[in-house]
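Work through the exercises below with the structure open. Each task is followed by its solution in steps.

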Amino acid sequence: MIKLDRKTALVTGASRGIGKAIAAQLVELGAEVIICGTNEESLRATAGEIGAARTIAADLSTLEGVEKVVLQAGKVDILVNNAGITRDGLFLRQSDADWADILQVNLTAAVKLTRGLLGGMLKQRRGRVINITSVVGHTGNVGQTNYVAAKAGLTGFTKALAQEVSRKGITINCVAPGFIETAMTAELPEATMADYVSKIAARRFGSSADVAAAVAFLASDAASYITGTTLHVDGGMVR
């Protein structure tokens with residue numbers, strides 16, 4: 001059984017959805033979990049519900065927000081870069097702000113958090129960085145050129161950084177969720193849902209728990225020889 005006792009983990013975007021499920025799973029496995037998000041009230045409610053050790057309310061769309069998280073988190077053994085936003089729209093209709101906002105939160109913030117917290121991992125010669133990407137970073141998706149570019153960039157960053165630090169006991173990996181049951185997907189029209197499901201080998205959407213289980217494995221000692229790779233949690237959608 002996977003154990004994360006005496007490990008400290010930071011999960012961004014953890015007040016709800018996939019991030020919350022990841023944080024809850026890490027708590028259950030014995031880690032001391034710090035959760036990060038933009039809404040302090042929501043974070044506190046989530047922390048009380050899942051037993052997280054600490055909360056950090058910060059806006060990762062700003063450099064100040066990222067620096068706040070690095071400073072307040074301190075030394076961590078596990079970093080899960082999960083925070084993400086969308087600004088969907090056809091490419092020719094996307095504004096410069098739509099592009100910049102997505103890259104800042106979904107890519108640049110993850111890079112800066114990793115840089116800020118990697119030093120502590122290097123000193124102890126042990127650590128896990130797990131970046132939550134997306135199936136669309138591998139397949140593309142209409143109306144999401146900005147989001148896809150950010151997720152694909154995060155995948156490339158992961159591969160390159162793994163080449164630099166894995167010899168020092170630190171693994172850098174991605175988890176790429178496919179279609180996951182969330183409040184947003186629950187509102188999809190029935191015909192749209194059926195079309196999406198038809199493209200999935202498992203013929204169903206996944207759950208946040210499926211993604212959390214993958215993260216927990218990569219965070220554990222059992223995955224010490226896995227680095228620079230992407231674990232697809234998509235029911236066989238990418239094949």
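**Exercise 1.** Is Phe 91 buried or exposed?

Solution. Relative accessible area under 20% counts as buried, over 50% as exposed and in between as partly exposed (1.4 Å probe, protein chains only). Phe 91 has 52% relative accessibility, so Phe 91 is exposed. The model is predicted: local features need pLDDT of at least 70, side-chain atom pairs count only at pLDDT 80 or more, and totals for chains, interfaces and linings use all residues. Residues are numbered from 1 along each chain as its sequence is written, and side-chain values use heavy atoms, with hydrogens and water left out.

**Exercise 2.** How many aromatic pairs does a search of the whole structure find, and which type is the pair of Phe 91 and Trp 99?

Solution. The search finds three aromatic pairs. The ring centres of Phe 91 and Trp 99 are 6.5 Å apart and the planes stand at 75°, so this pair is edge-to-face. Rings of Phe, Tyr and Trp (its six-membered ring) pair if their centres lie within 6.5 Å; planes under 30 degrees apart are stacked, over 60 edge-to-face, the rest tilted. Trp 99 is partly exposed at 32%.

**Exercise 3.** Describe the pair of Phe 179 and Tyr 196 and place both residues.

Solution. The pair is stacked, with 4.4 Å centre to centre and 20° between the planes. Phe 179 lies in the loop between β6 (170–177) and α7 (190–198), and Tyr 196 in helix α7, so the pair ties together parts 17 residues apart in sequence. Helices (H or I, at least four residues) and strands (E, at least two) are DSSP runs, numbered from the N terminus. Phe 179, Tyr 196 and Phe 205 form one aromatic cluster.
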